[in-house]
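Morning, everyone. I have one structure to go through today, in two parts: the ligand site, then the internal space. Please have a look at it first.

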Amino acid sequence: MRRARIAGVGHYVPERVVTNHDLEQLMDTSDAWIRERTGIRERRFTAPGVGSSGLGVKAAEAALANAGWQPSDVEFIIFATLSPDLYFPGNGVLLQAALGIERIGALDVRNQCTGFIYGLSTADAFIRVGMYDRVLLVGGEVHSTGLRMNTEGRDTAVLFGDGAGAVCVEVTDGAADGCLLQHRLHADGRFARELTIPSPGALSDPWLTKEMIEEGLTAPHMNGREVFKHAVTRFPEVIHEVLAAEGRSAADVDLFIPHQANERITEGVRKRLGVEPEKVYSNIARYGNTTAASIPIALSEAVAAGTVKRGSLVCLAAFGSGFTWAASLLRY
Ligand SMILES: CC(C)(COP(=O)(O)OP(=O)(O)OC[C@H]1O[C@@H](n2cnc3c(N)ncnc32)[C@H](O)[C@@H]1OP(=O)(O)O)[C@@H](O)C(=O)NCCC(=O)NCCS
């Protein structure tokens, strides 16, 4: 039976470290406020001129090397991001050109924090039906250039960071190797405006004005409490869905990798699942929220550290803008 497995993982984060103390110089905030509410201590900001496709290229190169693939082995590209280099075309084609792979298809996924899981399920489906044997999936974000780095924008400016992660997904017979087991994808568009970057957008004529920039409409707008409330419910719900579909319980899972939104959300989810802290991966202290990149960065780190080994049962889960929420269960 055709199944898909993760053949290799990789990630890249920019070198520039921005601490909470650095942000104190730019806005009325404090290291204590940020740490207590989110668990974040520092994040990475990209270098001038390097966008999310550029970070994605480095993550993709690391994943290709880890899988033992050449760029020419890739048959299809999926790029998940909410912060593309250009309004259009998407990052997928930019990545394709940078890797020097001509003609293969490139798909962009616009699902914010759940983008990586939506992308992984898409790669799995393409492989299972026999359309492709090898898919490169990248999640990459550059938030730093779009945040309002002042007191007005502080509620979101302190949360987000830049980075990219990638996985190589390949066909397997599912017998001896690990494989992707289950995915569940959800959305509730009634909450679309609770976490959004409103402008630029084709609803307004013209798409972007000086006033929109001055009003801060090109930066994230978030109803933090509403996001928090839904996240702590939806994360465990969708995790239980993928576990039940595979006849598993939380105790069977070797590592949970939740989207890194907030340490308090992760801790709330962990308690509801009733698992010990070592079973829930967290790197939010070092990177903040990197949206579509957070899960592949975490997975890549966990593989490099030996926390995830071949045969480990791993559960990925995410909640975010849309609202969207999703989970995947896989045997690495
Ligand atoms: C954002 C979040 C940390 C805010 O925590 P909170 O306890 O809800 O805080 P509130 O929004 O009620 O704000 C409390 C106060 O802190 C202030 N504040 C907001 N951001 C601040 C910052 N960076 N530094 C200092 N003070 C800040 C607010 O202005 C408010 O002040 P007020 O009481 O004088 O009005 C929290 O709501 C959260 O984690 N939400 C989920 C966000 C998330 O994960 N988003 C991404 C999802 S993918």
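Which element gives the most to the shell around the ligand? That is α8, with four residues. Before I go on, please note that this is a predicted model.

The ligand has 23 residues around it, and the closest are Thr 29, Arg 37, Gly 224, Arg 225 and Asn 262. By class, that shell has 10 nonpolar, seven polar and six charged residues.

Now the polar contacts. The side chain of Thr 29 has an N or O atom 2.6 Å from a nitrogen atom of the ligand. For Trp 33, a polar side-chain atom is 3.3 Å from an oxygen atom of the ligand. In Arg 154, an N or O atom of the side chain lies 3.1 Å from a ligand oxygen atom. On its own the ligand has 970 Å² of accessible area, and the protein covers 73% of that. Two or more residues of the shell come from each of α2 (31–38), α6 (154–157), α8 (224–245), α9 (263–273) and β12 (313–320).

On to the internal space. There is one cavity of 30 Å³ or more, and the space in the largest cavity is about 60 Å³. Its lining includes Ile 239, Phe 256, Val 269, Arg 270, Leu 273 and Cys 315. The elements giving two or more residues to this lining are β11 (255–258), α9 and β12, and α9 gives the most, with four. By class, the lining has nine nonpolar residues, one polar and one charged.

To end on the link between the two parts: α9 and β12 each give two or more residues to the ligand shell, and they also do so for the cavity lining.

Definitions and conventions
Residues are numbered from 1 along each chain as its sequence is written. This is a predicted model: local features need pLDDT of at least 70, side-chain atom pairs count only at pLDDT 80 or more; totals for chains, interfaces and linings use all residues. Side-chain values use heavy atoms; hydrogens and water are left out. A residue is near a molecule or strand if one of its heavy atoms lies within 4 Å of it. A polar contact is a pair of N or O atoms within 3.5 Å; within protein, one must be able to donate a hydrogen and the other to accept it, and residues adjacent in sequence count only if both atoms are side-chain atoms. Accessible areas come from the Shrake-Rupley method with a 1.4 Å probe; for residues, only the protein chains shown count as cover. Ala, Val, Leu, Ile, Met, Phe, Trp, Tyr, Cys and Pro count as nonpolar, Asp, Glu, Lys and Arg as charged, and the others, Gly among them, as polar. On a 1 Å grid over the protein atoms alone, a cavity is a set of points where a 1.4 Å probe fits but cannot get out, and a pocket is an open set with protein on both sides within 12 Å along at least five of seven lines; lining residues have an atom within 4 Å of a point. Grid points are joined across faces, edges and corners, and a volume is the space filled by probe spheres set on the points.
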